[in-house]
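Trainee: I have a model in front of me and would like to go through a few of its residues and strands with you.
Mentor: Gladly; please bring it up, and put your questions one at a time.

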Amino acid sequence: MAKLLHVSASPRAEESESLAIASAFVEVYRESHPDDEVEHWDLWDGTLPAFGPSATAAKMAVIRGREPTGDEVAAWREVVAAVERFTSADRLLFSVPMWNSGIPYVLKQFVDVVSQPGLVFGLDVETGYLPLLAEQGKRAAVVYTSSVWGPGVAPGFGSDFQSTYFDDWLRWTGITDVTSIRHHPTLTGDVEDSRLAALATAREAAKTF
């Protein structure tokens with residue numbers, strides 16, 4: 001039995017295009033993988049810890065080979081719990097709307113919380129970062145949505161620092177089997193056609209994910 005973790009970064013509930021597409025993915029995934037566990041992590045539900053001074057100090061302590069002390073201990077415990085919630089999944093689904101050409105700040109907070117030494121990455125002084133989630137068979141599907149930027153639009157409509165950043169982060173962790181599901185109708189495009197195409201892609205991908 002595998003586990004699918006859906007990490008959602010949109011606060012728009014039923015108004016969210018990314019959540020609607022991800023929900024279609026999950027529905028078909030449940031039908032196609034009836035024995036698998038499915039969990040939804042809404043990053044806006046308050047369970048994602050902050051990554052402030054105590055957590056930062058704890059991270060640097062770990063990097064330097066020391067144990068966290070004082071307020072760092074509790075902060076690090078919360079961080080490790082979040083990392084384990086992330087890494088316990090065999091399959092990962094992310095619903096990611098575009099905000100200001102990039103990703104929502106709460107998803108960047110997620111990235112900063114779970115990207116921890118000895119848990120998600122290692123570091124070699126000669127070769128650089130070591131992706132600790134590599135060769136674990138993990139797969140990711142990412143629903144990317146936007147309403148102004150889209151492939152092939154003029155520069156005045158923005159840039160894609162959404163998928164370029166997030167795909168790179170996934171590879172950095174060692175997750176290289178990534179399926180992208182896109183809905184970018186743009187201001188002058190056909191919204192319904194784009195939505196239907198994205199839903200179809202999501203449902204088809206979920207069957208064999």
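Trainee: Which backbone nitrogen does the side chain of threonine 186 reach?
Mentor: Before answering, note that this is a predicted model, in which local features need pLDDT of at least 70 and side-chain atom pairs count only at pLDDT 80 or more, while totals for chains, interfaces and linings use all residues. Residues are numbered from 1 along each chain as its sequence is written, and side-chain values use heavy atoms, with hydrogens and water left out. Threonine 186 sits in the loop between β7 (177-183) and α6 (191-207), helices (H or I, at least four residues) and strands (E, at least two) being DSSP runs numbered from the N terminus. At 3.3 Å, its side chain reaches the backbone nitrogen of glycine 189.

Trainee: Is threonine 186 buried or exposed?
Mentor: Buried means under 20% relative accessible area, exposed over 50%, and partly exposed in between (1.4 Å probe, protein chains only). Threonine 186 has a relative accessible area of 15%, so it counts as buried.

Trainee: Leaving aside neighbours within four places in sequence, which residues are in contact with threonine 186?
Mentor: Contact here means heavy atoms within 4.5 Å. One of the partners, valine 148, belongs to the loop between β6 (139-145) and α5 (163-173), and is partly exposed at a relative accessible area of 32%. With those neighbours set aside, the contacts of threonine 186 are Ser147, Val148, Trp149, Gly150 and Val153.

Trainee: How many residues of strand β3 are buried?
Mentor: Strand β3 spans residues 91-97 and is mostly covered. On one side Arg91, Leu93, Ser95 and Pro97 are buried, and on the other side Leu92, Phe94 and Val96 are buried as well. The count for β3 is therefore, by the cut-off of under 20% relative accessible area, 7 of its 7 residues.

Trainee: In β6, which residue stands opposite leucine 93?
Mentor: Two strands pair if DSSP finds at least two bridges between them. Strand β1 (residues 3-8) runs parallel to β3 and is joined to it by 5 bridges, with leucine 93 as the bridge partner of histidine 6. Strands β3 and β6 also run parallel, joined by 7 bridges, and in β6 the residue opposite leucine 93 is alanine 141.

Trainee: How far apart in space are glutamate 31 and alanine 206, C-alpha to C-alpha?
Mentor: Glutamate 31 is part of helix α1 (residues 17-32), and its 58% relative accessibility makes it exposed. Glutamate 31 and alanine 206 are 175 residues apart in sequence, whereas their C-alpha to C-alpha separation in space is 9.3 Å.

Notes
Polar contact = N/O pair within 3.5 Å; in protein donor to acceptor, adjacent residues only side chain to side chain.
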